[in-house]
Amino acid sequence: MKRSDVVIVGSGINSLTAAAVLSKRGHKVTVLEKNDWIGGCIKTEELLAPGFKTDVFSGWHPLFVTSPAYAELKDDLEKFGLTYLNTDIPTGVILPNNESAVLYSDRKKNVENFNRIAIGEGDRYDELMRNFEGNSEFVFHMLSNEPVSWNSMRTLSKFVRKKGLKEFKSEVGSMMKSADSLLDQYFESDLVKALFAPWILHTGLGPNDAAGNIMMQVLVFSLEAAGMPIPKGGGGELVKALMKIVEANGGEFFTNEQVDQILVEKDKVVGVRTRNGEYLANYVLANVTPHQLYENLLTEVTIPESLQRDVRNYKYGNAAMQIHYALDGPLEWENPELNRAAMINITSGVEGVSQSVNEVYNGLLPKEGTIAVGQHTAFDPSRAPEGKHTLWIQLLEMPRKLKGDALGQIDTSNGYTKEVIEAYVERIEERISKHAPNFKKMIIKREIISPVALEANNMNLVGGDPYSGVASIDQLLLWRPTSKYKRHETPVKNLFHIGASTHPGPGLSGTSGYLAAQEVK
């Protein structure tokens, strides 16, 4: 039996930021992790070959470096060896006809670039960004603070006074529209639309979903302002630095410790029980899905029927798949600026993304799913031996429950078998090769992480959903995962729910853990 001030279940980014903040404030923190590594979806290892450092799951940190947690911990993280690298080209796109475009981390260059693509496109982009900047204080406040709090109410009131009630209603109504409606409103060029359209997938939404409008604006603004920062040497360097903050302040980490029950006495949390014993604490932060929390860990607690209903109705989104490569050299993109891009999306545009999302919704492997091609070694050569490169591929349009193949070429009757995965990856590789002809001959080794493997590695990724729950409008802000409690609270006193299943939702920001840490006295 061990005792501490705070026990944190799980060791993902939200757990680590909460642990670091609380440790610095004088609390003794214990972090318990089911797996044999700390970091949740941040894991760097030599997965492919010696010297090739691969970010196995998540790979990019723009949300973290713009978060309140990073603002508070930045000096400590740097003291413990964390260095962020960046590129001036955060993203690019390639269409089937090999047309391409890039986004710079420079407003003037973007305006000039888009105006070259089509007359007036750059000016309209500038108008979009200026309009968002007028709302950015309100939007970013709601995404980095508790939505139900006096602070948020004051911010909302200030925003209404600034805009006027009539304009406020119009602005909020526009924010609730879909991402494709925003792109159609501002742009005429299919190439410029295609540059931005795939990014909505990184919010757990599709181009036609409600609230995609505002999330698309947040993404584009953030990409230009923050770029695509990555820790030198791999995302695991962030994990190491956060752990050092905790350990320097008396905190502890335990791996291979699966929490089986949260202990409660008189409606107040007193600790947790694992297969190896009990860890007693005044506070518990649980980085789990709502189903795990209320159906598995609180079995001895009476859960209100209305909350049970919300948990039953909580839905998970599309699955993802990762493909990792060790390469003998760089890829030969036709557009040389793509060589400096952090992430390149290979897509047929807005309609192509919409079609793939719909196919996946119906359980089908998509005909032409979006291929997100991550190039970490483009600006961090330390991740591979000299002259070599890594390639990080993410596919965000994969069915959680596989029912068929939209092209009718792959037999999926037995689900995600090895043969199905290999056949689908071959389809992806053929498409990449059309744009980078030397791709296949550069491959030294390949590793695939299927939707099934994603969930096996992290039980929060239900069915391979990388965002621990669909981010539809009914599962965002004060409705994620339920509207019954505020400030990440639960029916149990001093038990707080954190993670991607809670506000502000998916993304590598650490904000839910940071917000819950503010409630620990």
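This is a short tour of charged residues in a predicted model, with something to select at each stop.

**Stop 1: a bridge between distant parts of the chain**

Begin by selecting Arg 340 and Asp 88, which form a salt bridge. Their closest N and O atoms are 3.0 Å apart. Now look at where each partner sits. Arg 340 is in the loop between strand 13 (319-327) and strand 14 (343-346), while Asp 88 is in the loop between strand 5 (84-85) and strand 6 (91-94). The two residues are 252 residues apart, so this pair links distant parts of the chain. Switch on the surface and you can check both partners: Arg 340 counts as partly exposed at 35% relative accessibility, and Asp 88 counts as partly exposed at 30%.

**Stop 2: two helices tied together**

Next, select Lys 158 and Glu 137. This salt bridge has its closest N and O atoms 3.2 Å apart. Lys 158 belongs to helix 6 (residues 150-163) and Glu 137 to helix 5 (residues 121-144), so the pair ties together parts that are 21 residues apart in sequence. Is Glu 137 buried or exposed? Glu 137 is exposed, with a relative accessible area of 52%. Its partner Lys 158 is partly exposed, with a value of 45%.

**Stop 3: a helix and a loop**

Move on to Asp 310 and Lys 484. They form a salt bridge too, with the closest N and O atoms 2.7 Å apart. Color helix 13 (residues 305-313) to find Asp 310, then look for Lys 484 in the loop between helix 17 (451-457) and strand 20 (495-498); the pair ties together parts that are 174 residues apart in sequence. Lys 484 counts as partly exposed, at 35% relative accessibility.

**Stop 4: a network**

Which residues are joined into one network by salt bridges that share partners? Select Glu 422, Glu 426, Glu 429, Glu 430, Lys 440 and Arg 446 together, and you have them. For a wider view, keep in mind that the structure holds 32 salt bridges.

**Stop 5: a positive patch**

Finish on the surface. Select Lys 315, Arg 400, Lys 401 and Lys 403, which form a positive surface patch. Then pick out Lys 401 on its own: this residue lies in the loop between strand 17 (389-398) and strand 18 (404-405). Lys 401 is exposed, with a relative accessible area of 62%.

Technical notes
Residues numbered from 1 in each chain as written. Predicted model: local features only at pLDDT ≥ 70, side-chain atom pairs only at ≥ 80, totals over all residues. Heavy atoms only, no water. Patch = residues over 30% accessible without salt bridge, like charges linked within 9 Å, V, L, I, M, F, W, Y side chains within 5 Å. Areas by Shrake-Rupley, 256 points an atom, 1.4 Å probe, with all protein chains shown as cover. Salt bridge = Lys/Arg side-chain N within 4 Å of Asp/Glu carboxyl O. Lys, Arg positive; Asp, Glu negative; His and termini not counted. Charge placed at Lys NZ, Arg CZ, Asp CG, Glu CD. Helix = DSSP H or I, 4+ residues; strand = E, 2+ residues; numbered from the N terminus. Buried < 20%, exposed > 50% of the residue type's maximum accessible area, 1.4 Å probe, protein only.
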